Amino acid sequence: MSMETLDMEALPELEPLCIFGTGDLGRSLGMRLLQSGFRVVYGSRRPQSCGLLPLGAQVMTHAEATQAASLIFICVHREHYDFLETMAPHLKGKVLVDLSNNLKKNMYPEANAAYLQRLVPKAAVVKGLNTLSAWALQNGLLAGKQVYLCGDHAEAKQAVAQIATKLGLTVLDKGSLSAARELEDFPLQLFPEFRLPLLIAVSLLAFFFFYLLIRDVIYAFVEKGNEISYRIMVSLANKVFPIVALVMLSLCYLPGAIAAFLQLYRGTKYSRFPYWLDRWMLCRKQMGLLALGFAFLHVIYTLIIPLRYTFWNALVSDAVNKMKNNETTEFSKTEAWATDSFFALGILGFFLFVLLGLTSLPSVGGSLSWREFNFVQSKLGYLTLLVCTTHGYLYGWNKFLLPATYKWYTPPAFMLCLIVPSVVLVLKLIILLPCVDRTLTRIRQGWERNQPKEETG
Amino acid sequence: MSMETLDMEALPELEPLCIFGTGDLGRSLGMRLLQSGFRVVYGSRRPQSCGLLPLGAQVMTHAEATQAASLIFICVHREHYDFLETMAPHLKGKVLVDLSNNLKKNMYPEANAAYLQRLVPKAAVVKGLNTLSAWALQNGLLAGKQVYLCGDHAEAKQAVAQIATKLGLTVLDKGSLSAARELEDFPLQLFPEFRLPLLIAVSLLAFFFFYLLIRDVIYAFVEKGNEISYRIMVSLANKVFPIVALVMLSLCYLPGAIAAFLQLYRGTKYSRFPYWLDRWMLCRKQMGLLALGFAFLHVIYTLIIPLRYTFWNALVSDAVNKMKNNETTEFSKTEAWATDSFFALGILGFFLFVLLGLTSLPSVGGSLSWREFNFVQSKLGYLTLLVCTTHGYLYGWNKFLLPATYKWYTPPAFMLCLIVPSVVLVLKLIILLPCVDRTLTRIRQGWERNQPKEETG
Amino acid sequence: MSMETLDMEALPELEPLCIFGTGDLGRSLGMRLLQSGFRVVYGSRRPQSCGLLPLGAQVMTHAEATQAASLIFICVHREHYDFLETMAPHLKGKVLVDLSNNLKKNMYPEANAAYLQRLVPKAAVVKGLNTLSAWALQNGLLAGKQVYLCGDHAEAKQAVAQIATKLGLTVLDKGSLSAARELEDFPLQLFPEFRLPLLIAVSLLAFFFFYLLIRDVIYAFVEKGNEISYRIMVSLANKVFPIVALVMLSLCYLPGAIAAFLQLYRGTKYSRFPYWLDRWMLCRKQMGLLALGFAFLHVIYTLIIPLRYTFWNALVSDAVNKMKNNETTEFSKTEAWATDSFFALGILGFFLFVLLGLTSLPSVGGSLSWREFNFVQSKLGYLTLLVCTTHGYLYGWNKFLLPATYKWYTPPAFMLCLIVPSVVLVLKLIILLPCVDRTLTRIRQGWERNQPKEETG
């Protein structure tokens with residue numbers, strides 16, 4: 001910061017950055033670089049006829065542009081990389097930034113950047129920035145966006161990282177050029193961590209939908225000749241959604257309980273969990289978010305019930321029948337307590353669930369301390385599960401012992417769906433027992449049952 | 001990182017940073033700089049009597065402070081810049097950071113920073129950090145906040161950027177000092193990108209409100225002498241909101257469809273869209289968010305219907321009338337199917353809409369890959385539009401052919417509002433036809449119908 | 001960026017980073033460092049038998065590892081720091097990064113890092129990165145996460161900050177090593193800024209719950225022998241929640257109004273507010289979020305009313321009674337207007353409240369300009385308060401003058417809860433009076449009534 005000697009008149013001219021390719025991406029990148037104060041030189045096969053380019057940029061032949069700059073952005077499709085091989089002598093010692101993407105995964109046996117490095121072995125190839133779209137560049141939607149870099153030359157990566165930082169991007173170094181394939185797959189991935197949870201959700205949805213269809217609609221038709229297929233749209237859906245939500249919520253906490261018992265059994269935390277458990281634990285957040293989605297649907301489906309044609313119809317029929325049969329409407333306080341508690345618990349459970357969901361927003365979760373995150377995801381999570389499970393039990397408070405409940409000798413769906421949450425809650429209760437809890441805490445602090453600890457890091 | 005030779009006893013003292021101005025902003029900035037480990041010197045006209053200053057800072061005359069530091073934060077209102085002109089010889093080669101803001105846009109013909117540079121031509125003026133409030137500085141609410149810099153001297157900007165980064169800020173370089181005006185307008189802007197969507201929303205609201213007022217309330221009063229103005233608060237509002245929400249949602253997707261047809265017609269993607277289309281496309285997100293707001297209002301307005309006095313009243317009347325006329329309540333399965341489907345589609349549409357809205361949260365959208373963002377905004381978006389439009393069609397399933405629907409020979413509002421979404425969906429359908437889709441994909445990959453491509457960047 | 005001379009064959013090997021401790025944290029940190037392209041050397045007491053370590057890392061004795069590196073991560077519990085004292089001569093001039101955390105606050109009289117510095121006085125101790133969990137490191141959930149550093153050696157901090165930045169972390173410098181205690185308390189804090197608002201919320205909840213319990217349930221039992229305890233679950237809760245929400249919302253805006261009057265009275269903005277007012281103002285956001293939570297509960301509690309057993313029962317009874325007594329259902333337009341307005345204002349208030357809540361999401365609030373934030377939190381906030389207060393007044397529009405309302409000579413709870421919001425709105429109205437507003441604006445721009453201004457910074 002020895003600015004006192006700064007000579008304002010003779011600032012040395014900045015070395016320009018070079019862009020190969022005058023397509024959409026090349027143009028947008030150039031525009032953004034110019035706006036951030038860089039000088040830009042385009043390398044083109046026909047510098048005279050390459051259409052509109054951002055104001056302030058120069059256009060030259062590839063060879064000339066290479067002379068002027070030591071860092072070159074390659075905004076050319078992989079199919080046209082051949083010309084770079086013929087230019088290899090000019091590119092010696094230059095930094096080549098490979099921004100290319102493919103249309104599909106595994107289109108080529110080799111990552112684009114690795115192919116480029118093979119064509120120009122004496123250049124320092126850096127793969128990166130390929131997650132930026134021309135559209136985002138044009139409209140300046142870069143601030144805080146995270147981009148990845150990889151490459152075998154630390155200095156070259158550093159130079160690219162500095163440029164990216166100046167564009168307002170957050171740069172993450174993914175290591176050597178062997179990570180290029182991974183980087184090229186990034187823009188092509190479609191919610192990979194949601195795949196397993198979605199599969200589970202769809203399976204549960206399908207199973208419970210058909211189970212309920214058989215027990216409710218088909219049973220009524222076969223046994224009583226009553227065609228009530230209109231119940232599918234709302235009544236049936238509103239049974240399936242809460243069931244799937246509750247099961248998936250409990251599946252978020254089951255792997256944690258299993259892991260605790262595994263650690264207790266093994267007496268150490270230093271042996272890896274089985275692969276399926278690791279994978280399960282890593283998609284708990286996504287599982288919880290899907291469960292929240294179903295809970296949200298359940299809430300709205302429930303709230304529109306009084307708007308339904310069937311509700312109005314049933315109410316009017318009830319009033320008319322009561323009048324005709326000269327019945328008096330009797331008020332059962334037990335019924336009032338039970339149904340009101342059922343609703344109150346449902347609301348409370350949904351409220352807690354929404355809180356859990358809010359903390360999984362990147363910006364909210366990121367601002368929590370370790371203890372806060374732990375508190376929310378564990379304490380608040382188990383409380384949510386407990387409240388929602390009780391909500392489920394209250395639903396059937398007076399139906400468990402009714403023979404009519406067990407149509408065709410099958411238990412109703414809501415009983416089936418209470419199994420997993422109940423198991424999880426019992427497991428958690430065992431873990432909370434003082435003697436078990438003490439052992440588990442010691443194991444998690446590094447104590448091992450079988451061998452003496454060397455170091456307690 | 002040659003730390004091995006680091007001599008711990010004799011660390012050279014850091015050069016202090018200077019702050020001109022001991023007002024609110026100056027004090028808060030100084031406090032924050034001190035907390036981040038910098039040394040701070042205040043320059044003041046009367047160093048003896050300038051009130052409370054943060055602990056650890058020194059106060060001197062302007063001239064003395066200038067001697068001690070090479071970087072000076074100017075926390076003085078533009079009206080008091082004159083004294084800096086008299087100090088110009090002392091400020092030669094110094095970095096001056098202009099943090100000033102004005103109370104209104106266009107108060108002065110020249111940006112404050114440009115004026116400062118003119119007063120002290122030999123200093124390196126950097127405009128920036130002016131989006132920080134004294135309040136945010138005092139309370140340490142800086143982490144991750146984005147600030148802008150501009151200036152004509154790269155080294156000076158670099159020095160300021162380093163300080164800002166140490167304060168936990170994210171710095172974005174906006175180029176030369178000519179951008180100062182833009183930076184000074186930043187803290188004064190009030191949702192500029194919401195202006196056009198809000199205008200459209202208000203126009204639609206007004207049009208449909210009066211259209212419905214005439215058809216529903218005034219028609220009933222004029223033709224039947226029935227004063228039903230009480231319907232304005234909920235019934236009418238709950239017709240206007242979904243209509244505006246649906247029209248605005250479809251207006252999010254219309255410009256994309258128009259752009260596709262324009263590209264097909266022109267046979268190239270390299271000619272710019274007309275200005276109005278560009279502007280329209282850039283406010284699609286804001287348009288969608290407003291539409292989501294109206295959809296949210298529609299949902300709650302719908303859900304409170306059974307709580308309304310009119311609902312209770314109508315239900316009791318229905319029951320009493322049925323009894324009196326000895327009617328039996330007949331249950332129409334078609335009606336049940338239709339209304340339940342109507343509700344189910346509405347809920348599903350709202351659910352998808354909320355998902356769309358969630359991905360427009362900066363922290364969520366920023367963590368999506370290009371393909372994921374594309375999937376959500378395009379596939380999921382069109383699905384939402386399709387579901388919501390079907391919800392609209394189902395609303396009028398048995399009303400389209402009824403003569404009573406066309407009061408005063410005008411179509412009901414819900415028919416009007418289905419026009420734009422239907423057009424968008426038809427356009428999208430045409431684009432999805434294999435032959436059209438193939439051509440469009442080729443055009444978007446850079447192929448041009450009329451001229452041979454030079455390079456495929 | 002003089003890359004042209006970059007010799008690709010002979011890149012000098014990077015100096016490795018050293019990690020003391022092969023526990024969970026040490027292993028995870030090493031793995032992440034290796035993935036980011038660093039070389040890693042572990043220091044261990046028994047290099048031959050320290051279990052699984054990440055691929056690519058070397059293991060040596062502590063002394064050997066110290067020779068190889070100039071920066072050492074201490075991933076050892078504080079209880080085992082003694083061995084570092086004996087190694088002090090080897091550690092001279094090295095950077096030691098203390099990542100340790102304690103299980104409880106105030107376990108030791110001295111911060112861990114200060115203790116370490118005392119043991120090894122010639123090393124440069126940097127406290128930091130202690131907010132990272134082994135789990136987050138293992139799963140690469142670091143991007144954009146904010147970490148803190150402190151230490152007495154600027155260069156040492158700089159070196160650690162560079163490494164952290166390469167891991168994708170955002171680094172915040174918290175100053176000298178004396179801040180170590182604060183950093184060590186970070187992972188142990190549990191929503192500290194929510195403590196006061198939660199206390200207020202719980203007090204209000206308890207007060208209004210018992211107030212309503214006495215007036216509604218106990219009064220009915222004592223005076224009329226009517227046991228209606230079933231009303232606690234939903235009816236009573238749905239009275240307490242909106243009351244607490246409204247009071248807490250108004251408590252968000254009361255301190256601002258008090259501050260304005262204090263500034264008007266003192267004639268200056270340069271004297272500090274009393275401590276309680278400062279503290280109150282700093283927890284306004286949390287207060288508002290809790291209020292939003294209660295408002296959310298109120299909305300869902302209200303929406304399930306038509307689903308309740310009591311609703312159905314009351315409706316059927318009403319119809320049956322009307323029939324029996326041969327009454328005609330009369331429709332009161334005033335009632336319809338009043339209740340519909342009541343609902344419409346409630347919905348609008350909740351909608352505005354949700355908007356306020358959205359802007360308090362870190363990623364949304366961070367993207368607002370100063371004027372936008374001000375507009376939302378002040379203008380929109382007061383509008384929300386006004387709408388919600390009017391919603392409250394409309395609730396009691398025809399009850400204020402009814403003697404039956406004042407059971408046991410106490411006013412109903414909804415009247416009590418309207419006091420604070422009404423006071424806040426009146427205060428705001430006074431502040432908005434042109435003469436008051438002008439003086440206040442001048443004071444806030446730095447004008448002082450009693451003494452001449454020196455500088456207008």
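Is B:Lys239 buried, partly exposed or exposed, and what is its relative accessible area? In this predicted model, B:Lys239 comes out as partly exposed, with a relative accessible area of 27%. The legends below take that residue's salt bridge, then move on to other close-ups.

**View 1. B:Asp216 and B:Lys239 join their side chains in a salt bridge.** The N-to-O distance here is 2.8 Å. B:Asp216 belongs to helix 9 of chain B and B:Lys239 to helix 10 (residues 237-266) of chain B, so this pair, 23 residues apart, links distant parts of the chain. On the acid side, B:Asp216 counts as buried at 11% relative accessibility, whereas B:Lys239 is partly exposed at 27%.

**View 2. B:Glu182 and B:Lys174 form another salt bridge in chain B.** Their N and O atoms sit 3.7 Å apart. Both ends get some solvent here: B:Glu182 is partly exposed, with a relative accessible area of 40%, and B:Lys174 is partly exposed too, at 25%.

**View 3. A:Asp98, A:Lys127 and A:Glu184 are linked in a salt-bridge network.** Within this trio, the side chains of A:Lys127 and A:Glu184 meet at 2.9 Å, N to O. A:Lys127 comes from strand 6 of chain A and A:Glu184 from helix 7 (residues 180-185) of chain A, so the pair ties together parts that are 57 residues apart in sequence. A:Lys127 is buried, with a relative accessible area of 0%. A:Glu184 is buried as well, at 4%. For context, the whole structure holds 21 salt bridges over all chains.

**View 4. Chain A carries an open sheet of 8 strands.** Reading across, the order is 3-2-1-4-5-6-7-8, and the pairing is mixed. Strand 3 (58-61) and strand 8 (170-173) of chain A are the edges, each pairing on one side only. On average, neighbouring strands of this sheet are turned by 30° against each other, direction ignored. Zoom in on strand 4 (residues 71-74) and strand 5 (residues 95-98) of chain A and you'll find a parallel pairing over 4 bridges; one of the partnerships to look for is A:Ile72 with A:Leu96. Helix 4 (residues 112-119) of chain A lies across strand 4, strand 5 and strand 6 (124-128) of chain A, running at about 170° to strand 6.

**View 5. A:Leu129 has a positive phi without being a glycine.** Its phi is near 60°. A:Leu129 sits in the loop between strand 6 and helix 5 (134-138) of chain A, and at 2% relative accessibility A:Leu129 counts as buried. Chain B offers a similar oddity to check: B:Phe191, not a glycine either, has a positive phi of about 45° and is found in the loop between helix 8 (180-185) and helix 9 (195-224) of chain B.

**View 6. Chain A meets chain C, with C:Arg308 and A:Asp340 in a salt bridge.** The closest N and O atoms of that pair are 2.6 Å apart, and the count between chain A and chain C is 1 salt bridge. The rule also finds 8 residue pairs in polar contact across this interface. Helix 13 of chain A gives the most to the side of chain A that touches chain C, with 13 residues. Overall, 73 residues of chain A are in contact with 70 residues of chain C. The area buried between the two chains is about 6,600 Å², and carbon and sulfur atoms give 67% of it.

Notes
Residues numbered from 1 in each chain as written. Chains lettered and ligands numbered in written order. Predicted model: local features only at pLDDT ≥ 70, side-chain atom pairs only at ≥ 80, totals over all residues. Heavy atoms only, no water. Pairing = 2+ DSSP bridges. Helix = DSSP H or I, 4+ residues; strand = E, 2+ residues; numbered from the N terminus. Axes fitted to C-alpha atoms, helices over the stretch in contact; angles between N-to-C directions. Contact = heavy atoms within 4.5 Å. Buried < 20%, exposed > 50% of the residue type's maximum accessible area, 1.4 Å probe, protein only. Buried area = accessible area lost by both parts, 1.4 Å probe. Salt bridge = Lys/Arg side-chain N within 4 Å of Asp/Glu carboxyl O. Polar contact = N/O pair within 3.5 Å; in protein donor to acceptor, adjacent residues only side chain to side chain.
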